[in-house]
Amino acid sequence: MRKIKGILFIVAGLSALYLFLDHIIKFTPHDYFYEANPGINYYVGVNIVSAWADLSFFTYHTIILFGLWCVLYGVSDCFNLNQLNHFTRHNSVITFIFTNYLITTVLYTIFELTSGNITFGLYDTSLRAIHNLGTNILGHYGYFIIILIVYLKIETDGVVKNKHLLIMSCYVFVYYWYVLITGRLMYKIEWYPYPIFDTFALFGKRLDSFIELPILLIIACSMTCCYYYLLKLMTKLKKR
């Protein structure tokens with residue numbers, strides 16, 4: 001029974017990793033966007049710059065981490081790798097994966113419901129649009145249900161300490177600056193996945209650098225603090 005469970009988790013993990021890789025492989029240049037917006041040098045939203053810009057989306061980080069966790073947990077079950085099994089079932093690891101998915105699912109749902117054009121990716125009736133809807137539902141809700149069951153049902157090991165929460169929170173800080181730097185330097189135009197990465201999107205104008213940098217630093221630190229306390233809350237809920 002343990003090996004069957006392990007195989008199921010491996011399949012779930014590989015499907016999550018494939019979902020991400022498939023999206024990168026199928027990325028096509030958005031020439032129509034540049035033809036419709038001649039001279040544009042700044043954009044926030046849909047990835048219109050590069051296949052690798054998908055790594056700037058928190059959603060894809062979440063899917064990748066979930067997929068890797070599923071594969072490692074499944075392998076540890078199939079081959080009785082106790083140390084690996086202990087690592088994947090550590091409270092801090094499962095809390096980290098679940099918290100990321102909770103953030104992703106909640107924010108995606110809020111965005112869709114408040115966008116004024118609720119589609120969940122079904123932008124028309126073509127097969128490509130239906131496929132897009134399916135991957136959106138699977139990526140944002142299907143895998144979330146799996147990690148929710150894991151979070152609630154799997155017996156975990158280890159105690160989450162403040163040092164674990166601090167290390168996990170550093171992920172958000174590094175993620176923020178990675179997106180900010182790549183968005184400014186790596187693509188043919190300045191591009192960000194979300195408005196929180198640029199003061200122009202937040203305030204409607206470009207600020208002077210000596211003002212902008214502290215503001216961006218404050219945003220990054222605020223995100224990190226919120227993430228830290230959310231992790232702490234999730235840890236307390238897990239103990240109940």
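**Figure 1. Ile40 in the loop between helix 2 and strand 1.** With a relative accessible area of 23%, Ile40 is partly exposed. This close-up, like those that follow, is taken from a predicted model. The loop that holds Ile40 runs between helix 2 and strand 1 (42–44). Apart from neighbours within four places in sequence, the contacts of Ile40 are Phe33, Tyr34 and Ile189. Ile189 is 149 residues away from Ile40 in sequence, yet their C-alpha atoms are 7.5 Å apart in space.

**Figure 2. The largest nonpolar core.** This core has 54 residues, and those with the most contacts inside it are Val49, Phe66, Trp69, Ile147 and Tyr176. At least two core residues come from each of helix 1 (2–25), helix 2 (31–36), helix 3 (58–78), helix 5 (91–114), helix 6 (127–153), helix 7 (162–185), strand 2 (190–192) and helix 9 (209–239). Helix 7 supplies nine residues, the largest share of the core.

**Figure 3. Surroundings of Phe66.** Phe66 is one of the residues with the most contacts inside the largest nonpolar core. Once its neighbours within four places in sequence are set aside, Phe66 is in contact with Ala12, Ala16, Ile97, Tyr101, Tyr143, Ile146 and Ile147. Among these partners, Ile147 also belongs to the residues with the most contacts inside the core. Tyr143, Ile146 and Ile147 appear again in the next view, as part of the helix 6 side of a contact with helix 3.

**Figure 4. Packing of helix 3 against helix 6.** The axes of helix 3 and helix 6 are 11 Å apart, and the two helices pack at an angle of about 45°. Helix 3 is therefore oblique to helix 6. The crossing of helix 3 past helix 6 is left-handed. Helix 3 contributes Thr59, Ile63, Phe66 and Trp69 to the contact, while helix 6 contributes Gly139, His140, Tyr143, Ile146, Ile147 and Val150. Sorted by class, the residues of this contact are seven nonpolar and three polar, with no charged residues.

**Figure 5. Thr59 in helix 3.** Thr59, a residue of helix 3, counts as buried at 17% relative accessibility. Beyond residues up to four places away in sequence, Thr59 touches Thr104, His140 and Tyr194. His140 is one of the helix 6 residues in the contact with helix 3. The C-alpha atom of Thr59 is separated by 8.8 Å from that of Tyr108, a residue 49 positions apart from Thr59 along the chain.

**Figure 6. Packing of helix 7 against helix 9.** Helix 7 and helix 9 have axes that come within 9 Å and cross at roughly 145°. Helix 7 passes helix 9 in a crossing that is right-handed. The residues of this contact comprise 19 nonpolar, four polar and three charged. Both helices also supply at least two residues each to the largest nonpolar core.

**Figure 7. Backbone of Asn80 after helix 3.** Asn80 belongs to the loop between helix 3 and helix 4 (82–88). Its phi is near 50°, a positive value in a residue other than glycine. Most residues other than glycine have a negative phi. Asn80 is partly exposed, at a relative accessible area of 44%.

**Figure 8. Asp198 before helix 8.** The loop between strand 2 and helix 8 (199–203) holds Asp198. Asp198 counts as buried, with 0% relative accessibility. Outside its neighbours within four places in sequence, Asp198 is in contact with Tyr42, Arg184, Glu190, Tyr192, Arg206, Glu212 and Leu216. Leu127 is 71 residues from Asp198 in sequence, and their C-alpha atoms are 35 Å apart in space.

**Figure 9. Ala53 between strand 1 and helix 3.** Ala53 is placed in the loop that joins strand 1 and helix 3. The relative accessible area of Ala53 is 0%, so this residue is buried. Residues up to four places away in sequence not counted, Ala53 touches Asn47, Tyr187 and Trp191. Between the C-alpha atoms of Ala53 and Leu122, which are 69 residues apart along the chain, the separation is 22 Å.

Conventions
Residues numbered from 1 in each chain as written. Predicted model: local features only at pLDDT ≥ 70, side-chain atom pairs only at ≥ 80, totals over all residues. Heavy atoms only, no water. Core = buried A, V, L, I, M, F, W, Y, C linked by side-chain atoms within 4.5 Å. Buried < 20%, exposed > 50% of the residue type's maximum accessible area, 1.4 Å probe, protein only. Helix = DSSP H or I, 4+ residues; strand = E, 2+ residues; numbered from the N terminus. Contact = heavy atoms within 4.5 Å. Axes fitted to C-alpha atoms, helices over the stretch in contact; angles between N-to-C directions. Parallel < 35°, antiparallel > 145°, perpendicular 65-115°, else oblique. Left-handed = near helix turned anticlockwise from the far one by under 90°. Nonpolar A, V, L, I, M, F, W, Y, C, P; charged D, E, K, R; others polar.
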